[in-house]
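The report below describes how the strands, helices and core of one model are arranged. Please read it alongside the sequence and the coordinates.

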Amino acid sequence: MSRYSLDMKPGFSDCWAVVGWDRPLNSFFVQVFREGKNEDEDEEEILWRGGSFQEIVTVEQAAALLAPYAAIPSDIFRQLHIDQMANPLR
């Protein structure tokens, strides 16, 4: 499994996002969370996709889901392709 942190777009400074490849699910995953307003408040799930078998099968699909919140830099985009090809479901 791979996992990469992404820089957020303007307006989402209180959020964090990750993208990665999950070999057992044969799917990419994307997650976006908003930090709690104080330390007693849990973070808020904004987006969490890719938790089902083959739910997100291309990096382009993952990028489209993340587009409102964060962009996938070209180096991570390439690495995600490599992760998928190097770690296929057997």
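## Pairing of strands 2 and 3

In this predicted model, strand 2 (residues 15-22) and strand 3 (residues 27-34) run antiparallel and are joined by 8 bridges. Within this pairing, tryptophan 16 has phenylalanine 33 of strand 3 as its bridge partner, while alanine 17 is matched with valine 32 of strand 3. The hairpin of strand 2 and strand 3 has 4 residues between the strands, and asparagine 26 there adopts a positive phi near 50°.

## The sheet as a whole

The sheet is open and consists of 4 strands in the order 1-2-3-4, with antiparallel pairing. Its edges are formed by strand 1 (4-6) and strand 4 (44-49), each of which pairs on one side only. On average, and with direction ignored, neighbouring strands of this sheet are turned by 20° against each other.

Strand 1 is connected to strand 2 by 3 bridges, again in an antiparallel arrangement, and serine 5 stands opposite valine 18 in strand 2. Because 7 of the 8 residues of strand 2 are buried, this strand is largely enclosed by the rest of the structure.

## Helices against the sheet

Helix 1 (residues 59-66) lies across strand 1, strand 2, strand 3 and strand 4, and runs at about 15° to strand 3.

For helix 2 (74-86), the 13 residues should span 18 Å at 1.5 Å a residue, and this agrees with the end C-alpha atoms, which are 18 Å apart. Ile76, Leu80 and Asp83 are the buried residues to note in helix 2; they cover an arc of only 60° around the axis, which means that they are on the same side of helix 2. Arg78 and Met85 are exposed on the other side of helix 2, whereas the buried residues of helix 2 pack against strand 1, strand 2, strand 3 and helix 1.

## The nonpolar core

The largest nonpolar core has 19 residues, of which Leu6, Val19, Phe28, Val30, Leu66, Ile72 and Leu80 touch the most other members. Strand 2, strand 3, helix 1 and helix 2 are the elements that give two or more residues to this core, and the largest share, 4 residues, comes from strand 2. In soluble globular proteins, nonpolar side chains tend to be buried together.

Which residues does isoleucine 72 touch, when those up to four places away in sequence are not counted? The contacts of isoleucine 72 are Leu6, Val19, Ala62, Ala63, Leu66, Phe77 and Leu80.

Technical notes: Residues numbered from 1 in each chain as written. Predicted model: local features only at pLDDT ≥ 70, side-chain atom pairs only at ≥ 80, totals over all residues. Heavy atoms only, no water. Pairing = 2+ DSSP bridges. Axes fitted to C-alpha atoms, helices over the stretch in contact; angles between N-to-C directions. Contact = heavy atoms within 4.5 Å. Core = buried A, V, L, I, M, F, W, Y, C linked by side-chain atoms within 4.5 Å. Buried < 20%, exposed > 50% of the residue type's maximum accessible area, 1.4 Å probe, protein only. Expected span 1.5 Å × (residues − 1). Arc of directions from axis to C-beta.
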